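Trainee: Please pick out one part of this model and take me through it closely. I would also like to know how that part sits in the chain as a whole.

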Amino acid sequence: MRNSPVFITTLKHDRPARRLTKTVCRLWLLLLLPWPVHADSPAEAAIASAQPLATAVGINILAAGGNAFDAAIAVTATLAVVEPYSSGIGGGGFYLLHRARDNHQIMLDARETAPRLTRQRDFLDTAGNLDRNISINSALAAGIPGIPAALEHLASRYGRLPLQTTLAPAIEYAREGFPVTERYRRLAGYRLEVLRRDPETAKVFLHNNDIPPPGHVIKQPALAATLMTIADQGAAGFYQGKLADRLAQSVTLAGGHWTREDLLEYRVIERAPIVTQYHNIRIVSAPPPSSGGIVMGQALNILEQFDLSGLDSVGRKHLVVEAMKRAYRDRAVYLGDSDFVDVPVTRLLDKRYAEGLALGIDPQRATPSAELPPGEASVGIGEDTTHFSILDRDGNRVAATLSINLPFGTGILAGDTGVLLNNELDDFALKPSAPNAYGLVGDEANKIEPGKRPLSSMTPTFLETADKVAILGTPGGSRIISMVMLGALEFANGGLPREWVATPRYHHQYLPDVIQHEPAALTAAEQSGLKSLGHELSDIGRMYGNMQAILWHKPTNLVFAASDPRGEGSAEKAP
């Protein structure tokens, strides 16, 4: 089966006529070729990531004899260098892994933890209200990073190559630099005043204290040195010894609460994924402290109670929105770090529970969120975070979503380490029912506690049927879950990755009680129809998300991959 044809779509760089021709050819092959016995392993490997430099690095690691997990290390580290607005060594994330030789599936939880000295009152003003400047722009907002531990964990337990090999490309990009892109400029502009607050940050990420011009080279020699320490000493080089001392001291000087003990005690956790079923599709996704797998699974369980194919587009979107609304409501009430709170996973994903929620949906009327209580919320930007998807020739796969929260995190560099501090502690419910930067509300289950991991929306996902396997995920803050869900519905309808990543997006997160949507996501007729059902609409005025997706069609052994046209990423096959 190794010699079967493979097609990779890189969505953004093809001309329209060429894209159409390729799509027709693929569909023709899928429909007309005689289907052999299902392939045991893909004929080729594929990588889709949010940055072409990172995709190319991953492809080179595969060509050098690495597997999907080695490539994941290299892509993670490279993105940490060339996408400082989306992820970093000072951040965290979730890695969904599938090891082909024994079908082992696990979620690697590298989410940040709250320092032991952190208290809720740290983030409140004198009147007891949440101080947003503290929760997103100060060193107090920085959790203990998980990425360095994840890199070693992947290398020691799943990979083939040493860290010196897989981290070498990232070290070179940190030392020699990478060119500024338009996406970099846009997100630097969004956080410009914050980046200017820290002279060292401004020196590294700005040019003459302003947004760098296109092509300007960003060099990070201090980060290169930190990465070299990790390459030589593993995670211990980051969480112990002199580097750990410098990290703790610099964060303390900046007003934060990191200690040597916090760093020493950090552990990556392997967790069983959330596994749900939507018709004939097995969905494998992120467990707590991510809300992604539960919220998406619950929403799809609700939708399974309806015949979506028998409805017009307004009726379908109405039901999708109502399912989102109820699932996000339960997110706000029940979800948090399962090491600290009892998350009722079985109940939330019970088909009978979904059936009861579905019975409360009126096909002719939008249910006001006020009828589902509590809180108030606002909308965050949702453009930071990053995702990559990997499939190797052995059938190993990785879906990884990584973040430092808002673009450039806190905007604070940890002394001379080159580590950009995250602001992930804002993802806690720092005050009950007070929205975070993405408008998400929470309560007791997601309150901040020492050592606890904040609730996340990151949703790296596998979709599996008897003849197909999909790998997908996206950044996008609170909208991540709904984006992956819309991608899953496209998969269910027989679409290819180019359709999943390009599908127009709309979203409801319970509060605010409004359908947020991209400018072209809803036709005039759909907008009119949804309004007539009682929905409030909000055109957010821009595209959002940056999905990276791969499909392996086993009967023909065809592989398809696509990078979201909204971003600057790429999808490529291994040589």
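**The loop after E8 and its surroundings**

Mentor: Let us start with Pro-289, which lies in the loop between E8 and H15. Those labels are DSSP runs numbered from the N terminus: H for helices (H or I, at least four residues) and E for strands (E, at least two). This is a predicted model, in which local features need pLDDT of at least 70 and side-chain atom pairs count only at pLDDT 80 or more, while totals for chains, interfaces and linings use all residues. Residues are numbered from 1 along each chain as its sequence is written, and side-chain values use heavy atoms, with hydrogens and water left out.

What is the peptide bond from Pro-288 to Pro-289 like? It is cis, and its omega is near 15°. For background, most peptide bonds are trans.

Now step back along the chain to the strand before this loop. E8 covers residues 281-285, and Ile-283 is part of it. Ile-283 has a relative accessible area of 3% and is therefore buried (buried is under 20%, exposed over 50% and partly exposed in between, with a 1.4 Å probe and protein chains only). Beyond its neighbours within four places in sequence, Ile-283 is in contact (heavy atoms within 4.5 Å) with Ile-274, Val-275, Thr-276, Tyr-278, Met-296, Leu-300, Thr-461, Phe-462 and Leu-463. There is also a link to Gly-297: its C-alpha atom is separated by 7.8 Å from that of Ile-283, and the two residues are 14 apart along the chain.

E8 also has a partner much further along the sequence. Thr-465 sits in the loop between strand E11 (461-464) and strand E12 (468-473). Its C-alpha atom is 6.3 Å from that of Arg-282, although 183 residues along the chain lie between one position and the other. With neighbours within four places in sequence set aside, Thr-465 is in contact with Asn-280, Ile-281 and Phe-491. Loop residue though it is, Thr-465 counts as buried, at 14% relative accessibility.

On the other side of the Pro-289 loop comes helix H15 (residues 292-303), which packs against helix H16 (residues 313-334) with axes 8 Å apart and an angle of about 140°. Axes here are lines fitted to C-alpha atoms, for helices over the stretch in contact, and angles run from 0 to 180 degrees between N-to-C directions. H15 and H16 are therefore oblique to each other; under 35 degrees counts as roughly parallel, over 145 as roughly antiparallel, 65 to 115 as roughly perpendicular and the rest as oblique. The crossing of H15 past H16 is right-handed, where right-handed means the near helix is turned clockwise from the far one by less than a right angle, and left-handed means anticlockwise. H15 contributes Val-295, Gln-298, Ala-299, Ile-302 and Leu-303 to the contact, and H16 contributes Leu-319, Val-320, Ala-323, Met-324, Arg-326, Ala-327, Tyr-328, Asp-330 and Arg-331. By class, that contact of H15 with H16 holds 10 nonpolar, one polar and three charged residues (Ala, Val, Leu, Ile, Met, Phe, Trp, Tyr, Cys and Pro are nonpolar, Asp, Glu, Lys and Arg charged, and the others, Gly among them, polar).

For a second helix pair to set beside this one, look at helix H3 (residues 68-82) and helix H5 (residues 147-157), whose axes come within 9 Å and cross at roughly 155°. That angle makes H3 roughly antiparallel to H5. The H3 and H5 crossing is left-handed. Its contact is formed by Phe-69, Ala-72, Ile-73 and Thr-76 of H3 with Ile-147, Leu-151, Leu-154 and Ala-155 of H5. Sorted by class, the contact of H3 with H5 has seven nonpolar residues, one polar and no charged.

Some other backbone details are worth a look too. The bond from Leu-511 to Pro-512 is cis, with omega near 0°, and Pro-512 lies in the loop between strand E13 (506-507) and strand E14 (515-517). Asn-103, in the loop between strand E2 (92-99) and strand E3 (104-110), has a positive phi near 55°. Asn-103 is exposed, at 57% relative accessible area.

Finally, the whole chain: it has 21 helices and 18 strands, and buried residues make up 63% of its 575 residues. Among contacts with a separation of 6 or more, 74% join residues 24 or more positions apart.
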